[in-house]
Structures are given as structure tokens and as C-alpha cells.
Amino acid sequence: MSTFFLDSQWVLGVLCSLLASLFSAVGTVLQKHAHMQRLRQSQQSRSAAQRSSLRPGDVESADAKSENEEEVSSGLLLRSPAWLLGLFFLVALPLPFNCAALTLADQSLITPLFGVTLLLNQIVAPALLSETLTCVDLFSTAAILIGSTVSVAMASHSPAAMTFTTLSSLHLAPAFAITQCCVIGFIVLAIVLLRPRTQQPAEPSTVDASGLPPS
């Protein structure tokens, strides 16, 4: 029985890591939900203030009142039940599961699974926040899923103690150098492809004050 547990404890470590990732994703979405609620309330109150008639001398006082309302809204966000519940899911719940995962399995097996949080976020966010997934989101999610699966399948499933000399020799191996170059290349390529496109500035109008184009 003890041999079976030692051979399969990495599975328990992976499950603990996946649960921690699920709690982190739910906590992040709950905090975003609370923030969006406060933002909508702030925009509604600001729209109501703009609809009210203001004299020219009341502009400065209106701006100061808007800043005070934003500060109060930030304070209310910290007391929001949804935000506090999200903080509990994000900080308190994953901690014991992450500790158990690192105890039951090697760090080389558990660390790549932290990216599963992003994958689960793509599932939870559309359900709770009504967000729309784009093709880039789906492609990124598929890449994370494939990478996590390959990491779990290829990583060592038995605990192994390595000295500093052994790790240093692995860093100098050609396979490690090639893999590192490939990872850096993929990161640079993703940054280049996914960076936002800058819009061209609008051309100045060629119509003068009389409404006619210049001669």
C-alpha cells in the first residue's frame, strides 16, 4: 500500500495544484465582478450629476465632488462582499493546496500547472462576467492546455534530489540551450503579433472658417 501511495502521490499533487488554480480563477473573476459593479454605480452617479444644471462657478466644486465620490467608491469596494469573497478564494484557499501539491510532487511538475489558472479563467469569466472570447483567446488557451499536458506527461513522476552541481551541468547542456532559445523566440514572437496596433492620426481638415476649402 505504501509503495502504491509513493508511486501515485504525484497524481494527488497535480489534483491539489488544479484545485488551487480553480480557486484562484474564481477569486479573480469575483473581484473583477465587484469592481465592475462599483464602476457602473460610479458612472450612473456621475451621469446624474452631469444631467443636473450647474452654474459656471460650480464646475470646480463638481470636480472635487467627483473625486470624493471615487475615493468613497474605492473604500466601498474593499467592503464589498463579492470582493472579499474573491480575496478569500484568491489568497486563503489556494495556499494549503499549493503547499500540499509541492509536498506531494516535484516543483518541476507543479510549476507549469500554474498556467492552468489562465485556462480556467477563460471558462469562468464568460459565465460570470458575460465576456466574449476571441480567436486569440481560444488559441492562447489551447496553447496553455497543450503545454500543461506535455509538462505533466514528460516531467519526472518520482521525487529526485539534485545537487547544485547537477543542476549547473544541466543548464550547460545543449538541449537546455536550444529549449531556452525556442522559448524566448516564442515569447518575442507573441509580443510582436499581439501588441496593439497604433492608429494613424487623422488628417487635418482642409475647410476654413467660411466653410469652403482653401483656394
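**Helix packing and residue environments in an all-helical model**

With a relative accessibility of 61%, S130 counts as exposed, since the threshold for that class is a value over 50%. The structure described here is a predicted model. S130 is located in the loop between α6 and α7. The phi angle of S130 is near 55 degrees, a positive value in a residue other than glycine. Most residues other than glycine have a negative phi. Among the residues that A125 contacts, leaving aside neighbours within four places in sequence, is S130.

The protein contains nine helices and zero strands. Read from the N terminus, its order of elements is accordingly α-α-α-α-α-α-α-α-α. The protein has 215 residues, of which 20% count as buried. Among the contacts with a separation of 6 or more, 83% are between residues 24 or more positions apart.

Two packed helices are described by the angle between their axes and the distance between the axes. The loop that holds S130 joins α6 and α7, and the packing of this pair was examined in these terms. Helix α6 covers residues 116-129, and helix α7 covers residues 135-154. The axes of α6 and α7 come within 9 Å and cross at roughly 140 degrees. This angle makes α6 oblique to α7, because only angles over 145 degrees count as roughly antiparallel. The crossing of α6 and α7 is left-handed. On the α6 side, the contact is made by V116, L118, L119 and Q122, and on the α7 side by D137, T141, I144, L145 and S148. By class, the residues of this contact comprise five nonpolar, three polar and one charged.

Two of the α7 residues in this contact, D137 and L145, were considered individually. D137 belongs to helix α7 and is partly exposed, its relative accessible area being 24%. This value places D137 outside the buried class, because burial requires a relative accessible area under 20%. When residues up to four places away in sequence are not counted, D137 touches Q122 and T132. Q122 is one of the α6 residues that make the contact with α7. The C-alpha atoms of D137 and Q122 are 7.8 Å apart, with the two residues separated by 15 positions in sequence. In addition, the side chain of D137 makes a polar contact with the side chain of T134, at 3.0 Å.

L145 likewise lies in helix α7. With 48% relative accessibility, L145 counts as partly exposed. This assignment follows because exposure requires a value over 50%. The C-alpha atom of L145 is separated by 8.5 Å from that of G115, and these residues are 30 positions apart along the chain.

In helix α6, the environment of A125 was also examined. A125 is buried, with a relative accessible area of 5%. Beyond its neighbours within four places in sequence, A125 is in contact with V29, S130 and E131. The C-alpha atoms of A125 and T28 are separated by 9.0 Å, although the two residues are 97 positions apart along the chain.

A second helix pair is formed by α3, which spans residues 81-92, and α4, which spans residues 94-104. Their axes are 5 Å apart, and the helices pack at an angle of about 15 degrees. Helix α3 is thus roughly parallel to α4, because angles under 35 degrees fall in that class. The contact involves F88, F89, L90, V91 and A92 of α3, together with P94, L95 and P96 of α4. Its composition is eight nonpolar, no polar and no charged residues.

Contacts with residues of this pair are also made by S24, which is found in helix α1 (residues 2-51). Leaving aside neighbours within four places in sequence, S24 is in contact with F89, L90, P94 and T117. Of these, F89 and L90 are among the α3 residues in the contact with α4, and P94 is among those of α4. S24 counts as buried at 13% relative accessibility, because this value is under 20%. The side chain of S24 reaches the backbone oxygen of A20 at 3.0 Å.

Definitions and conventions. Residues are numbered from 1 along each chain as its sequence is written. This is a predicted model: local features need pLDDT of at least 70, side-chain atom pairs count only at pLDDT 80 or more; totals for chains, interfaces and linings use all residues. Side-chain values use heavy atoms; hydrogens and water are left out. Helices (H or I, at least four residues) and strands (E, at least two) are DSSP runs, numbered from the N terminus. Buried means under 20% relative accessible area, exposed over 50%, partly exposed in between (1.4 Å probe, protein chains only). Contact means heavy atoms within 4.5 Å. A polar contact is a pair of N or O atoms within 3.5 Å; within protein, one must be able to donate a hydrogen and the other to accept it, and residues adjacent in sequence count only if both atoms are side-chain atoms. Axes are lines fitted to C-alpha atoms, for helices over the stretch in contact, and angles run from 0 to 180 degrees between N-to-C directions. Angles under 35 degrees count as roughly parallel, over 145 as roughly antiparallel, 65 to 115 as roughly perpendicular and the rest as oblique. A crossing is left-handed if the near helix is turned anticlockwise from the far one by less than a right angle, and right-handed if clockwise. Ala, Val, Leu, Ile, Met, Phe, Trp, Tyr, Cys and Pro count as nonpolar, Asp, Glu, Lys and Arg as charged, and the others, Gly among them, as polar.
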